[in-house]
Amino acid sequence: MKKSYILIALVVLLAGAGVVSELATFMDGRLAYESPQAIDHEAPTPRELALQEQAAEATKEAQEQPYVEEKYREFPVIGSRVAVWMAAQLHLLFAAFVLAVPIFALIIELIGYKTGDKRYDDLAYEFTKLLSTAFSFTATLGALLTFLLIALYPHFMNYLMHVFSPTFLPYVLLFFLEAVFLYSYYYGWHAFSKRVHLCLGLGLNLVGTAIMFIANAWLTFMMTPAGVAASGARISTWEAVTNYTWMPINIHRMIANVAFGGSVAAAYAAFQFLKAKTPEERAHYDWMGYIGNFVAIAALLPLPFAGYWLASEIYAFSQTMGLTMMGGAFSWLFIIQAILIGNLFLAANYYLWLGMGRIEGAERFRSYIKYLLIVITGCFLVWATPRSILATVDEVQAMGGSSHPALGFLGVMSAKNTAVNILILTTYISFLLYRRSGRIPTVKWAKAGNAVQFAIFALAATTVLFFGIYGYFVEAAVRIKFSVPQVGSVLAAMILVTVIDIFLLRGAKETETRWGQISNTSQYVLIFLAVTFTWLMGLMGYVRSGLRQHWHVYGVIRDTSPDAFTPTLGFATKVVSVTVLIFFAFLGVVFWLASLGGKHGKPEVAVEALDGGDV
Amino acid sequence: MMNLAVVLPVLAVLIGIRFAKPSMLGWVTAWWLAAWVVLDFGFAVPVPKTVVKEFMGIISLALAAYVTSDPQRWREVREPTTAFLTERKFLPLLVLVTLAIPAAVAASIYFDMTAPAQAPIFGRTVHPAPPATLTVHEVTHDMQTLDNPYRKLEASDPAAFAVHVEAGRKIYYENCFYCHGDLMQGGGMFAHALNPIPTNFQDSGTIAMLQESFLFWRVSKGGPGLPEEGGPWMSAMPAWENFLTEEEIWEVILFLYDFTEQRPRALHVASGGEGH
């Protein structure tokens, strides 16, 4: 038995030795085959020689080629223009929000400071909470835009730097200062004394406005260049900055930013209202949404006037550009604009009417709603009436041209100006009724006061209608000037009626406002308003920029890129829509992050405390 | 302007319904239908379908806002609608409506497909954008400052002005009226062969909106001189610089305004315009 074990062990040992020896031989062969020393001794094949020669030639060619400056580079799939367009629009939307919120946050904080009402201070803080993430988005998107511009339009950017290089350093310094002010304003809310904090808010607003003014100089110069020779050579940077449309754009953007920022803040409140679980939360966010919407509509009312000023300056700068805008290819976009703004006014009024449901005693004004609605719808229809109608050949033959013999009268500026002024006046009346809903005047002269207010409205409406109709009988140069008394009478009426109302409602008997007791529909209206404002900004931004057509700098630097054509209206609206969708996706992140920050500090305001919290 | 045979009966029906005191749903439906009938059939010259659709969209929104802005009104519309959709007694009618919707869509497609072929809808631009400078008979003009050289005679020397207007009348009736018509309404004897038809100068939205330099550009360069932007253009207007002198073009422009009793848009004196 023992012998057999020894035999087996010997066989296994021998077999093992054999395997090891085979493996060692195999590995030695492998290693020798792959060894560099072994290859070195082999002569290169003809193919390898050819490849080496080719590589050497390519290296030589690369070394010898001259430096050629690229004029344009192509962005994959969507093209350079759309890439820059979307990045610029997204940057601008966030920038508008970041500039707007501090304006009304500061005003609300100041109201809280002056009245000693903590609710306003809390509300201002809640608005400011949205800022820090939005500021980061603005900066990131601004960097993206800059890199895209430098990468895709290097030659043109070089030219802009030639004209505007002195403005870059102040811009960067101001941007740095804005970061300092913004973060100290937000994080120092409860750390500094109220006066110091208000000064920080003021600094934030001043610096933010200065930044916008500088950036506006660059883009308005592209539209209405000044301070350069016909060849494009710089004569004066200051003149280039203070070009024809610079101040109209500054004013228009500042007002529009507030309207937009208010609507986005209201949408945030609506978002929070819809997911609120307690009556306190609903009450708080209902009130916040109301204030945000109030800010948006208050800024929307003067916006058309600023828009007219801008348009008139564009026309004055260049008849060609003016006609392209109002009578040419871009005029169709103004019909879309009219529909969007009409929707804004309708939705804003609708929100106020829904809001009357939470005020005790508002029933007495309900019967007026239908008359207000008829006027608003009538004005909306007039504003949206195209002068030059999309029609079939048969329809054109029947009309005797591209405008309708009856409706054509509503398509001209006299009718549009009249409609927008009456629309503004009617929206103001809606607001006034809402304001009156919860208050019953107790002063002795209440009846007389009401009669005077009514007379002022009637006088303003008559003035607007008179100049609207008279405008058909005078030449264009005179007609344009009629917008001044029309606008003036509406603004004067709003100011006078407000002043009377303040005195009229002194010591008024107040009824209960049941904050939070409003339908969810109203909150969707707030979100609709924010989306419509955003879409409108995208659309009008395209109009302003697209007006240059095949020019980078109008009349000075021609666009010779493959994108130097005006896209179809359908394509342009699709780009705007996709940009708006991306913006709201980003905004969702901002809202989510803001709500994370508030999880430990839910609104402490009781429902009762909000009673009468109104503007 | 309005087709009274349609508008008056619609008004009468609405007043009749008012006295019948219908439900909110009935009242809103009646208003919607009345608006549609007036827009589609109530005008002597039919309103193009694109505008009817746009207006009906706005009116539908307004009616929806009216109904839903008051809880009671909304209940008055919602409850019968819910009952119609859920109660057994309405089942036959519901089936009919359910079938009628796809049938209406099918009918609409059928009529669209079997309609006689037409040229596609053309978004005609009324005022093409003029160039910054204009060269006529080898003289280059700045469009921003170009004005009718005879316009100032209107105040300073009315007799001389009248002579130029009269010369313009002669030029118009020798050259232009074949298309633009003897009343300048765009209805000349050749107009019926043109698409789009010539511009109606009597319309306050045409020459009254424009500076005379714009007309000078359009008359001298005609259809071939329309800009690349905003195209494709469809204009049979000849380039009249090939047939008329510069003086004659200005004179015919004077006559256009004189005959239609319109005033040209004043020259925009822009301090710093085209400021580069």
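## Two domains and a partner chain

Let's start inside chain A of this predicted model. The domain assignment splits chain A into domain 1, which covers 80–360 + 511–610, and domain 2, which covers 361–437 + 439–510. If you take the C-alpha centre of each of these domains of chain A, the two centres sit 27 Å apart.

So much for the layout; now look at where the domains meet. Here 20 residues of domain 1 of chain A are in contact with 21 residues of domain 2 of chain A. On the domain 1 side, α12 and α14 of chain A each chip in at least two residues. The top contributor to that side is α14(A), with eleven residues. Sort the residues on this side of domain 1 by class and you get 15 nonpolar, four polar and one charged.

Next, step out to the place where chain A meets chain B. There, 66 residues of chain A are in contact with 58 residues of chain B. Several helices of chain A give two or more residues to this side: α12 (303–317), α13 (319–326), α14 (331–355), α15 (369–383), α16 (393–399) and α19 (476–481). You've already met α12 and α14 of chain A, on the side of domain 1 that touches domain 2. On the side of chain A that touches chain B, though, the largest share belongs to α16(A), which brings seven residues. As for classes, the side of chain A facing chain B is made up of 35 nonpolar, 25 polar and six charged residues.

Methods: Residues are numbered from 1 along each chain as its sequence is written. Chains are lettered from A and ligands numbered from 1 in the order in which they are written. This is a predicted model: local features need pLDDT of at least 70, side-chain atom pairs count only at pLDDT 80 or more; totals for chains, interfaces and linings use all residues. Two residues are in contact if their C-beta atoms, placed from the backbone, lie within 7 Å. Helices (H or I, at least four residues) and strands (E, at least two) are DSSP runs, numbered from the N terminus. Ala, Val, Leu, Ile, Met, Phe, Trp, Tyr, Cys and Pro count as nonpolar, Asp, Glu, Lys and Arg as charged, and the others, Gly among them, as polar. Domain bounds come from an automatic or database domain assignment.
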